[in-house]
Amino acid sequence: MDYKAVEILENEIRLRDVESFHPKHIFECGQCFRWNRIHEEDETRFQGIVHGKVIRVHLRGQDVHLENVNMEEFNSFYKEYFDLGRDYDKVKKELRKDPLLNEAVKFGYGIRVLNQEPFETLISFILSSNNLIPKIKEGIRKISEKYGKEIVFHGETFYAFPTPQELSQATEEELRGLGVGYRAKYIYETTQAVRGAELMKEAEKTRALTEEEKQLLPYDLSMIAQLPEEACHKALQSYSGVGAKVADCVMLFSMKKKEAFPVDVWVKKAMMHFYGAEGTNLPKIRAFGQKQFGGLAGIAQQYLFYYAREKKIRVE
DNA sequence: ATCCAGGTCCCAG
DNA sequence: CTGGGACATGGA
(Lines give C-alpha, C1' and ligand atoms only; values in the text may rest on other atoms or scores of the structure.)
Protein backbone atom coordinates (compact mmCIF):
# COMPACT_ATOMS: atom_id res chain seq x y z
CA MET A 1 0.00 0.00 0.00
CA ASP A 2 1.33 3.42 -0.91
CA TYR A 3 -0.38 5.26 1.96
CA LYS A 4 -0.54 4.82 5.70
CA ALA A 5 -4.06 5.91 6.57
CA VAL A 6 -7.24 7.54 5.26
CA GLU A 7 -8.85 10.35 7.22
CA ILE A 8 -12.11 12.21 6.75
CA LEU A 9 -12.00 15.98 6.69
CA GLU A 10 -14.73 18.44 5.74
CA ASN A 11 -15.89 17.41 2.24
CA GLU A 12 -12.58 15.76 1.48
CA ILE A 13 -10.41 12.88 2.50
CA ARG A 14 -6.74 12.84 3.30
CA LEU A 15 -4.33 10.04 2.56
CA ARG A 16 -1.39 10.09 4.97
CA ASP A 17 2.25 9.61 4.01
CA VAL A 18 1.66 8.73 0.39
CA GLU A 19 4.44 7.28 -1.74
CA SER A 20 4.67 7.48 -5.53
CA PHE A 21 1.89 9.97 -6.06
CA HIS A 22 2.66 13.25 -7.79
CA PRO A 23 -0.34 14.99 -9.38
CA LYS A 24 1.76 16.62 -12.09
CA HIS A 25 3.18 13.28 -13.14
CA ILE A 26 -0.14 11.45 -12.94
CA PHE A 27 -2.24 13.99 -14.82
CA GLU A 28 0.32 15.22 -17.32
CA CYS A 29 1.76 11.90 -18.44
CA GLY A 30 -0.77 11.60 -21.27
CA GLN A 31 -3.04 8.89 -19.87
CA CYS A 32 -6.07 11.10 -19.16
CA PHE A 33 -7.73 14.08 -20.80
CA ARG A 34 -10.22 15.41 -18.27
CA TRP A 35 -7.83 16.79 -15.65
CA ASN A 36 -6.52 20.33 -15.48
CA ARG A 37 -4.22 22.30 -13.26
CA ILE A 38 -6.38 24.80 -11.37
CA HIS A 39 -3.78 27.34 -10.33
CA GLU A 40 -0.90 28.38 -12.49
CA GLU A 41 2.41 27.75 -10.74
CA ASP A 42 0.87 25.09 -8.49
CA GLU A 43 1.96 21.78 -9.96
CA THR A 44 0.37 19.87 -7.13
CA ARG A 45 -3.27 20.92 -7.49
CA PHE A 46 -5.56 19.54 -10.18
CA GLN A 47 -9.26 19.31 -10.91
CA GLY A 48 -10.90 16.56 -12.91
CA ILE A 49 -14.23 15.13 -13.99
CA VAL A 50 -14.41 11.47 -13.04
CA HIS A 51 -17.25 9.05 -12.47
CA GLY A 52 -19.92 11.75 -12.70
CA LYS A 53 -18.24 14.09 -10.23
CA VAL A 54 -15.82 16.98 -10.24
CA ILE A 55 -13.03 16.27 -7.79
CA ARG A 56 -9.79 17.97 -6.86
CA VAL A 57 -6.46 16.56 -5.86
CA HIS A 58 -3.61 18.27 -4.14
CA LEU A 59 -0.44 17.36 -2.40
CA ARG A 60 0.39 18.80 1.03
CA GLY A 61 3.72 17.55 2.23
CA GLN A 62 3.50 13.79 2.10
CA ASP A 63 -0.29 13.81 2.21
CA VAL A 64 -2.71 13.62 -0.71
CA HIS A 65 -6.03 15.42 -0.38
CA LEU A 66 -9.02 14.34 -2.45
CA GLU A 67 -11.64 17.09 -2.40
CA ASN A 68 -15.34 16.35 -2.90
CA VAL A 69 -14.80 12.66 -2.19
CA ASN A 70 -16.25 10.90 0.85
CA MET A 71 -15.11 7.67 2.42
CA GLU A 72 -17.75 5.54 0.74
CA GLU A 73 -16.81 6.91 -2.70
CA PHE A 74 -13.14 6.45 -1.98
CA ASN A 75 -13.54 2.83 -1.00
CA SER A 76 -15.96 1.90 -3.75
CA PHE A 77 -14.35 3.78 -6.63
CA TYR A 78 -11.52 6.31 -6.28
CA LYS A 79 -9.12 4.02 -4.48
CA GLU A 80 -9.14 1.76 -7.50
CA TYR A 81 -9.20 4.69 -9.92
CA PHE A 82 -5.91 5.97 -8.52
CA ASP A 83 -4.50 2.42 -8.51
CA LEU A 84 -3.86 2.73 -4.79
CA GLY A 85 -3.92 -1.02 -4.29
CA ARG A 86 -0.59 -1.27 -6.10
CA ASP A 87 2.79 -0.81 -4.47
CA TYR A 88 4.62 1.45 -6.91
CA ASP A 89 7.85 1.35 -4.95
CA LYS A 90 7.91 -2.31 -5.72
CA VAL A 91 7.03 -1.68 -9.37
CA LYS A 92 9.76 0.92 -9.73
CA LYS A 93 12.31 -1.23 -7.96
CA GLU A 94 11.57 -4.02 -10.40
CA LEU A 95 11.70 -1.78 -13.47
CA ARG A 96 14.92 -0.09 -12.35
CA LYS A 97 16.72 -3.39 -12.54
CA ASP A 98 16.89 -2.38 -16.15
CA PRO A 99 19.49 0.40 -15.99
CA LEU A 100 18.20 1.92 -19.20
CA LEU A 101 14.79 2.47 -17.64
CA ASN A 102 16.23 3.96 -14.48
CA GLU A 103 16.42 7.50 -15.83
CA ALA A 104 12.82 7.52 -17.06
CA VAL A 105 11.54 6.09 -13.76
CA LYS A 106 13.55 8.64 -11.77
CA PHE A 107 12.06 11.43 -13.87
CA GLY A 108 8.42 10.33 -13.55
CA TYR A 109 8.67 8.95 -10.00
CA GLY A 110 5.16 10.09 -9.07
CA ILE A 111 3.31 8.43 -11.94
CA ARG A 112 0.43 6.08 -11.24
CA VAL A 113 -1.49 4.42 -14.06
CA LEU A 114 -5.13 5.33 -13.50
CA ASN A 115 -7.95 2.80 -13.87
CA GLN A 116 -10.38 4.77 -15.99
CA GLU A 117 -13.80 3.95 -17.41
CA PRO A 118 -13.72 1.77 -20.54
CA PHE A 119 -16.19 3.57 -22.80
CA GLU A 120 -14.77 7.01 -22.10
CA THR A 121 -11.25 5.67 -22.62
CA LEU A 122 -12.22 3.93 -25.85
CA ILE A 123 -13.74 7.05 -27.40
CA SER A 124 -10.99 9.30 -26.03
CA PHE A 125 -8.21 7.30 -27.62
CA ILE A 126 -10.06 6.94 -30.91
CA LEU A 127 -10.04 10.72 -30.85
CA SER A 128 -6.34 10.75 -30.03
CA SER A 129 -5.21 9.22 -33.31
CA ASN A 130 -3.08 11.56 -35.39
CA ASN A 131 -4.20 14.42 -33.13
CA LEU A 132 -2.79 16.87 -30.59
CA ILE A 133 -3.39 16.56 -26.85
CA PRO A 134 -5.06 20.01 -26.47
CA LYS A 135 -7.38 19.15 -29.36
CA ILE A 136 -8.15 15.73 -27.94
CA LYS A 137 -9.12 17.37 -24.65
CA GLU A 138 -11.24 19.93 -26.46
CA GLY A 139 -13.08 17.25 -28.42
CA ILE A 140 -13.82 15.23 -25.30
CA ARG A 141 -15.05 18.35 -23.51
CA LYS A 142 -17.37 19.24 -26.39
CA ILE A 143 -18.75 15.71 -26.64
CA SER A 144 -19.42 15.77 -22.90
CA GLU A 145 -21.07 19.19 -23.02
CA LYS A 146 -23.41 18.10 -25.75
CA TYR A 147 -24.30 14.57 -24.63
CA GLY A 148 -23.25 14.13 -21.01
CA LYS A 149 -25.00 14.85 -17.73
CA GLU A 150 -24.65 18.23 -16.12
CA ILE A 151 -22.61 18.51 -12.93
CA VAL A 152 -22.65 21.64 -10.79
CA PHE A 153 -19.60 22.16 -8.63
CA HIS A 154 -18.79 25.35 -6.68
CA GLY A 155 -21.49 27.16 -8.68
CA GLU A 156 -19.85 26.22 -11.98
CA THR A 157 -21.30 23.80 -14.54
CA PHE A 158 -19.38 20.80 -15.86
CA TYR A 159 -20.40 17.77 -17.89
CA ALA A 160 -19.74 14.10 -17.34
CA PHE A 161 -18.57 12.01 -20.27
CA PRO A 162 -21.71 10.48 -21.84
CA THR A 163 -22.73 6.86 -21.39
CA PRO A 164 -23.00 4.69 -24.53
CA GLN A 165 -26.75 5.20 -24.39
CA GLU A 166 -26.37 8.97 -24.26
CA LEU A 167 -23.74 9.19 -26.98
CA SER A 168 -25.68 6.79 -29.21
CA GLN A 169 -28.14 9.66 -29.75
CA ALA A 170 -25.46 11.55 -31.69
CA THR A 171 -25.33 11.46 -35.47
CA GLU A 172 -22.07 11.35 -37.38
CA GLU A 173 -22.74 14.84 -38.73
CA GLU A 174 -23.33 16.26 -35.27
CA LEU A 175 -20.07 14.76 -34.06
CA ARG A 176 -18.22 16.18 -37.02
CA GLY A 177 -19.65 19.56 -36.08
CA LEU A 178 -17.71 19.33 -32.82
CA GLY A 179 -14.44 19.54 -34.74
CA VAL A 180 -13.27 15.95 -34.37
CA GLY A 181 -12.63 15.65 -38.11
CA TYR A 182 -12.67 12.29 -39.86
CA ARG A 183 -12.79 10.58 -36.45
CA ALA A 184 -16.50 11.42 -36.26
CA LYS A 185 -17.22 8.31 -38.32
CA TYR A 186 -15.14 6.11 -36.02
CA ILE A 187 -16.76 7.53 -32.89
CA TYR A 188 -20.22 7.12 -34.34
CA GLU A 189 -19.70 3.55 -35.48
CA THR A 190 -17.97 2.45 -32.30
CA THR A 191 -20.65 3.99 -30.10
CA GLN A 192 -23.39 2.28 -32.10
CA ALA A 193 -21.56 -1.03 -31.77
CA VAL A 194 -21.13 -0.70 -28.01
CA ARG A 195 -24.72 0.41 -27.50
CA GLY A 196 -26.05 -2.26 -29.85
CA ALA A 197 -24.31 -4.95 -27.82
CA GLU A 198 -25.68 -3.50 -24.59
CA LEU A 199 -29.21 -3.64 -25.95
CA MET A 200 -28.81 -7.21 -27.17
CA LYS A 201 -27.38 -8.31 -23.86
CA GLU A 202 -30.44 -6.84 -22.20
CA ALA A 203 -32.86 -8.34 -24.69
CA GLU A 204 -31.23 -11.74 -24.36
CA LYS A 205 -32.61 -12.02 -20.82
CA THR A 206 -36.21 -11.99 -21.96
CA ARG A 207 -36.19 -13.55 -25.41
CA ALA A 208 -34.13 -15.48 -27.91
CA LEU A 209 -31.98 -13.38 -30.23
CA THR A 210 -32.04 -13.69 -34.00
CA GLU A 211 -28.82 -14.68 -35.76
CA GLU A 212 -28.36 -11.11 -36.86
CA GLU A 213 -28.77 -9.81 -33.32
CA LYS A 214 -26.29 -12.35 -31.99
CA GLN A 215 -23.62 -10.87 -34.22
CA LEU A 216 -23.70 -7.68 -32.14
CA LEU A 217 -22.73 -9.46 -28.91
CA PRO A 218 -18.95 -9.56 -29.55
CA TYR A 219 -18.99 -5.74 -29.25
CA ASP A 220 -19.96 -5.94 -25.58
CA LEU A 221 -17.32 -3.76 -23.95
CA SER A 222 -17.69 -5.21 -20.44
CA MET A 223 -17.24 -8.70 -21.88
CA ILE A 224 -14.14 -7.58 -23.79
CA ALA A 225 -12.70 -6.13 -20.59
CA GLN A 226 -12.76 -9.62 -19.06
CA LEU A 227 -10.84 -11.26 -21.90
CA PRO A 228 -7.20 -12.26 -21.46
CA GLU A 229 -4.50 -10.03 -22.93
CA GLU A 230 -4.24 -11.14 -26.54
CA ALA A 231 -7.95 -11.83 -27.08
CA CYS A 232 -8.75 -8.46 -25.54
CA HIS A 233 -6.25 -6.68 -27.78
CA LYS A 234 -7.72 -8.37 -30.82
CA ALA A 235 -11.37 -7.83 -29.84
CA LEU A 236 -10.86 -4.11 -29.28
CA GLN A 237 -9.49 -3.76 -32.79
CA SER A 238 -12.85 -4.86 -34.20
CA TYR A 239 -14.18 -1.41 -33.34
CA SER A 240 -13.96 1.26 -36.00
CA GLY A 241 -10.96 3.55 -35.52
CA VAL A 242 -9.19 1.17 -33.15
CA GLY A 243 -5.83 -0.25 -34.19
CA ALA A 244 -3.05 -1.84 -32.16
CA LYS A 245 -2.01 1.33 -30.37
CA VAL A 246 -5.46 2.54 -29.33
CA ALA A 247 -6.39 -1.00 -28.25
CA ASP A 248 -3.31 -1.11 -26.03
CA CYS A 249 -4.23 2.24 -24.48
CA VAL A 250 -7.78 1.11 -23.72
CA MET A 251 -6.54 -2.15 -22.19
CA LEU A 252 -3.89 -0.45 -20.12
CA PHE A 253 -5.84 2.58 -18.96
CA SER A 254 -9.28 1.08 -18.38
CA MET A 255 -9.09 -2.73 -18.28
CA LYS A 256 -6.23 -3.35 -15.87
CA LYS A 257 -4.12 -5.07 -18.49
CA LYS A 258 -0.72 -3.82 -17.41
CA GLU A 259 1.10 -6.03 -19.89
CA ALA A 260 -0.27 -3.90 -22.75
CA PHE A 261 2.44 -1.81 -24.43
CA PRO A 262 1.12 1.09 -26.53
CA VAL A 263 3.69 2.17 -29.09
CA ASP A 264 3.26 5.67 -30.42
CA VAL A 265 5.78 8.09 -31.88
CA TRP A 266 7.13 9.03 -28.42
CA VAL A 267 7.54 5.51 -27.12
CA LYS A 268 9.17 4.61 -30.40
CA LYS A 269 11.62 7.48 -29.93
CA ALA A 270 12.23 6.42 -26.33
CA MET A 271 12.90 2.83 -27.34
CA MET A 272 15.28 3.98 -30.04
CA HIS A 273 16.92 6.38 -27.62
CA PHE A 274 17.38 3.89 -24.79
CA TYR A 275 17.58 0.59 -26.60
CA GLY A 276 18.72 1.57 -30.06
CA ALA A 277 15.68 -0.27 -31.42
CA GLU A 278 16.45 1.25 -34.77
CA GLY A 279 14.34 1.03 -37.87
CA THR A 280 12.10 -1.67 -36.42
CA ASN A 281 8.41 -1.25 -37.03
CA LEU A 282 5.69 -0.70 -34.44
CA PRO A 283 4.61 -4.33 -33.91
CA LYS A 284 8.24 -5.30 -33.38
CA ILE A 285 8.79 -2.55 -30.83
CA ARG A 286 5.60 -3.65 -29.07
CA ALA A 287 6.77 -7.25 -28.88
CA PHE A 288 10.20 -6.12 -27.72
CA GLY A 289 8.68 -4.00 -24.93
CA GLN A 290 6.50 -6.83 -23.71
CA LYS A 291 9.41 -9.25 -23.69
CA GLN A 292 11.63 -6.75 -21.91
CA PHE A 293 9.18 -5.58 -19.23
CA GLY A 294 6.70 -8.48 -18.94
CA GLY A 295 3.60 -7.89 -16.85
CA LEU A 296 4.72 -4.36 -16.04
CA ALA A 297 5.22 -3.35 -19.69
CA GLY A 298 2.35 -0.87 -19.65
CA ILE A 299 3.66 0.92 -16.59
CA ALA A 300 7.17 0.98 -18.04
CA GLN A 301 5.68 2.45 -21.20
CA GLN A 302 4.14 5.28 -19.18
CA TYR A 303 7.48 6.27 -17.65
CA LEU A 304 9.04 6.14 -21.13
CA PHE A 305 6.27 8.17 -22.75
CA TYR A 306 6.37 10.86 -20.07
CA TYR A 307 10.14 11.12 -20.23
CA ALA A 308 10.30 11.21 -24.02
CA ARG A 309 7.56 13.80 -24.42
CA GLU A 310 8.62 16.12 -21.58
CA LYS A 311 12.25 16.02 -22.67
CA LYS A 312 11.24 16.19 -26.32
CA ILE A 313 13.92 13.65 -27.07
CA ARG A 314 15.04 13.36 -30.64
CA VAL A 315 16.47 10.51 -32.61
CA GLU A 316 18.18 10.59 -35.95
C1' DA B 1 2.44 28.24 -46.65
C1' DT B 2 3.62 23.60 -45.56
C1' DC B 3 4.07 20.46 -41.88
C1' DC B 4 2.66 17.83 -38.11
C1' DA B 5 -0.09 15.70 -34.26
C1' DG B 6 -0.30 9.57 -28.40
C1' DG B 7 -2.87 6.34 -35.87
C1' DT B 8 -6.16 3.85 -38.61
C1' DC B 9 -7.88 2.34 -42.90
C1' DC B 10 -7.30 0.59 -47.22
C1' DC B 11 -4.93 -1.00 -51.05
C1' DA B 12 -1.12 -2.95 -53.65
C1' DG B 13 2.71 -6.34 -53.99
C1' DC C 1 1.75 -10.07 -43.68
C1' DT C 2 4.22 -5.49 -44.80
C1' DG C 3 4.84 -0.88 -46.62
C1' DG C 4 2.93 3.67 -48.15
C1' DG C 5 -0.64 7.28 -48.93
C1' DA C 6 -5.06 9.46 -47.60
C1' DC C 7 -7.56 11.28 -44.05
C1' DA C 8 -10.11 16.45 -40.98
C1' DT C 9 -8.54 19.98 -38.32
C1' DG C 10 -6.02 23.96 -36.79
C1' DG C 11 -1.81 25.84 -34.60
C1' DA C 12 3.17 26.65 -35.37
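By class, the surface near DNA strand C comprises 2 nonpolar, 3 polar and 3 charged residues. This picture comes from a predicted model. In the same model, the surface near DNA strand B divides into 15 nonpolar, 11 polar and 2 charged residues. The points below treat each DNA strand in turn and then a sheet of 6 strands.

**Surroundings of DNA strand C**

- The residues around DNA strand C are Asn130, Leu132, Lys135, Arg176, Gly181, Tyr182, Arg183 and Asn281.
- Sugar and phosphate make up 59% of the atoms of DNA strand C that come within 4 Å of the protein.
- Bases of DNA strand C are also reached: an N or O atom in the side chain of Asn130 is 3.1 Å from a base nitrogen.
- Arg183 likewise has a polar side-chain atom that lies 3.4 Å from a base nitrogen of DNA strand C.
- Tyr182 takes part through its backbone, where a polar atom is 3.0 Å from a sugar or linking oxygen of DNA strand C.

**Surroundings of DNA strand B**

- There are 28 residues around DNA strand B, and those that come nearest are Gly30, Asn130, Gly241, Asp264 and Gln301.
- Of the atoms of DNA strand B within 4 Å of the protein, sugar or phosphate supplies 61%, while the rest belong to bases.
- In the side chain of Asp264, an N or O atom is 2.8 Å from a base nitrogen of DNA strand B.
- Two residues approach phosphate oxygens of DNA strand B: Gly243 with a polar backbone atom at 2.8 Å, and Trp266 with a polar side-chain atom at 3.4 Å.
- The elements giving two or more residues to this surface are α13 (244-254), α14 (265-275) and α16 (297-311).
- Of the surface near DNA strand B, α13 provides the largest share, with 4 residues.

**The sheet**

- An open sheet is formed by 6 strands in the order β1-β2-β6-β5-β4-β3, with antiparallel pairing.
- β1 (5-9) and β3 (35-37) each have a single partner strand and stand at the edges, so one side of each is left without a neighbour in the sheet.
- On average, neighbouring strands of this sheet are turned by 20° against each other, direction ignored.
- In general, the strands of a sheet pair through backbone hydrogen bonds, either parallel or antiparallel.
- Here, β1 is joined to β2 (residues 12-16) by 5 bridges, and the two strands run antiparallel.
- Leu9 has Glu12 as its bridge partner in β2.

Conventions
Residues are numbered from 1 along each chain as its sequence is written. Chains are lettered from A and ligands numbered from 1 in the order in which they are written. This is a predicted model: local features need pLDDT of at least 70, side-chain atom pairs count only at pLDDT 80 or more; totals for chains, interfaces and linings use all residues. Side-chain values use heavy atoms; hydrogens and water are left out. Two strands pair if DSSP finds at least two bridges between them. Axes are lines fitted to C-alpha atoms, for helices over the stretch in contact, and angles run from 0 to 180 degrees between N-to-C directions. A residue is near a molecule or strand if one of its heavy atoms lies within 4 Å of it. A polar contact is a pair of N or O atoms within 3.5 Å; within protein, one must be able to donate a hydrogen and the other to accept it, and residues adjacent in sequence count only if both atoms are side-chain atoms. Ala, Val, Leu, Ile, Met, Phe, Trp, Tyr, Cys and Pro count as nonpolar, Asp, Glu, Lys and Arg as charged, and the others, Gly among them, as polar.
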